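Let's take a walk through this structure together, from its annotated domain to its ligand and the spaces around it. Have the sequence and the 3D view ready.

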Amino acid sequence: MGQQTIIKLVDENQMPQLGLGVWKASNEQVVGAIHTALEVGYRSIDTAAMYNNEEGVGKALKESAIPREEIFVTTKLWNDRHLDASAALQESLARLQLDYVDLYLIQWPVPEQNHYVDAWKQLIELKEAGLTRSIGVCNFHIEHLQKVIQETGVVPTINQIELHPLMQQRQLHSWNATHHITTESWSPLSRGGKGVFNSPLVEQLAIKHGKTPAQIVIRWHLECGMIVIPKSVTPSRIKENFDVFDFRLEKEDLAAMAELDIGKRIGPNPDNYNQL
Ligand SMILES: NC(=O)c1ccc[n+]([C@@H]2O[C@H](COP(=O)([O-])OP(=O)(O)OC[C@H]3O[C@@H](n4cnc5c(N)ncnc54)[C@H](OP(=O)(O)O)[C@@H]3O)[C@@H](O)[C@H]2O)c1
């Protein structure tokens, strides 16, 4: 099946480039999904307090025979806890039955509330206390990133953003890269491949490489240097989505994929998403 690729983060920690997303999976579903994923070879799981499935993630990890240190666990701080990140992470750890997570992310900047710099300062302390090995953000635009860096001098390891062929975020990805921030793609399949899997180009590349449209899209994220966390609770898809390390897209394939970018968001724009 080929070898999983590992990304070195700016803080020197290492993270698998392909992981399993679990948004919208129930506690029950997530247990089975993680067992399948670990069997197939995944070693990274992306959850969040807001997904209400950290208990299920914890149960699956506890049941697994794979040592804790071989699995990279990400969880996230929800918007109403920006002034209370330490307690929020402790609650997540209790639900996950873990002593530490590998990555703790601020899920949204929530500009109206304007507490994300305070949240970032607490995440720095949580890393120093060993409750998370790495810290980062999600859905931060350049101005939000500039503000946290200017005020603390600490660069987020990761910026997890909506990124898929219809919304390629080249400017933000490039800004992240210039500042040694790794870009992680959420909704990488454009949530089930809508408008992507049936595009003539992706269908054509699937035939050319003898792969499925989902595999072409996941490979595209890997080739472009993003960390990618496709979500599935379907065993055959969990397996399919990991079977992407035995082929490469060619230069002309990547150039053609670039043409699919129409700047189409599925999720909210972080500049005006203020839900608590
Ligand atoms: N930081 C943030 O604000 C944020 C926001 C959104 C998402 N995320 C993270 O990113 C992860 C991925 O994003 P997402 O869940 O929104 O969307 P996604 O991964 O792009 O798509 C998930 C959907 O695609 C289906 N699917 C998966 N593999 C498939 C395949 N091979 N063929 C056909 N359909 C397939 C899944 O169905 P089944 O499960 O039924 O198989 C599910 O409906 C989330 O789970 C979450 O961890 C983060």
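UniProt positions are given here in the numbering used for this chain, with feature names shortened, and annotations may be inferred rather than shown by experiment. Please also keep in mind that this is a predicted model.

With that in hand, we can begin with the record. An unreviewed UniProt entry lists residues 18-261 as "domain: NADP-dependent oxidoreductase". Within residues 18-261, helix makes up 45% and strand 15%, and the C-alpha atoms at the two ends of the span lie 22 Å apart.

Next, find the ligand. It is surrounded by 29 residues, and the closest of them are D46, Q160, S187, S232 and T234. T234 also makes a polar approach through its side chain: an N or O atom there is 2.6 Å from an oxygen atom of the ligand. K231 places a polar side-chain atom 2.8 Å from a ligand oxygen atom, while E240 has a polar side-chain atom 3.2 Å from a nitrogen atom of the ligand. On its own the ligand has 900 Å² of accessible area, and the protein covers 88% of that.

Now look at the open spaces, computed from the protein atoms alone. The largest pocket holds about 740 Å³ of space. Its lining consists of 36 residues, and W23, S187, P188, R191 and K231 are the closest to its centre. Two of these names are already familiar: S187 is among the residues closest to the ligand, and K231 has the 2.8 Å approach to a ligand oxygen atom. Three elements each give two or more residues to this lining, namely α7 (190-193), α9 (213-223) and α10 (235-242). The largest share, three residues, comes from α10. By class, the lining has 18 nonpolar, 11 polar and seven charged residues.

What lines the second largest pocket? This pocket has about 180 Å³ of space, and its lining includes I6, R43, F72, Y100 and R133. Strand β2, residues 14-16, gives the most to this lining, with three residues. Here the classes come to six nonpolar, one polar and five charged residues.

Finally, turn to the enclosed space. The structure holds one cavity of 30 Å³ or more, and the largest cavity has about 40 Å³ of space. N139, H141, I161, E162, Q169, L172, R265 and P270 line this cavity. Three of its lining residues are nonpolar, three are polar and two are charged.

How values were computed: Residues are numbered from 1 along each chain as its sequence is written. This is a predicted model: local features need pLDDT of at least 70, side-chain atom pairs count only at pLDDT 80 or more; totals for chains, interfaces and linings use all residues. Side-chain values use heavy atoms; hydrogens and water are left out. Helices (H or I, at least four residues) and strands (E, at least two) are DSSP runs, numbered from the N terminus. On a 1 Å grid over the protein atoms alone, a cavity is a set of points where a 1.4 Å probe fits but cannot get out, and a pocket is an open set with protein on both sides within 12 Å along at least five of seven lines; lining residues have an atom within 4 Å of a point. Grid points are joined across faces, edges and corners, and a volume is the space filled by probe spheres set on the points. Ala, Val, Leu, Ile, Met, Phe, Trp, Tyr, Cys and Pro count as nonpolar, Asp, Glu, Lys and Arg as charged, and the others, Gly among them, as polar. A residue is near a molecule or strand if one of its heavy atoms lies within 4 Å of it. A polar contact is a pair of N or O atoms within 3.5 Å; within protein, one must be able to donate a hydrogen and the other to accept it, and residues adjacent in sequence count only if both atoms are side-chain atoms. Accessible areas come from the Shrake-Rupley method with a 1.4 Å probe; for residues, only the protein chains shown count as cover.
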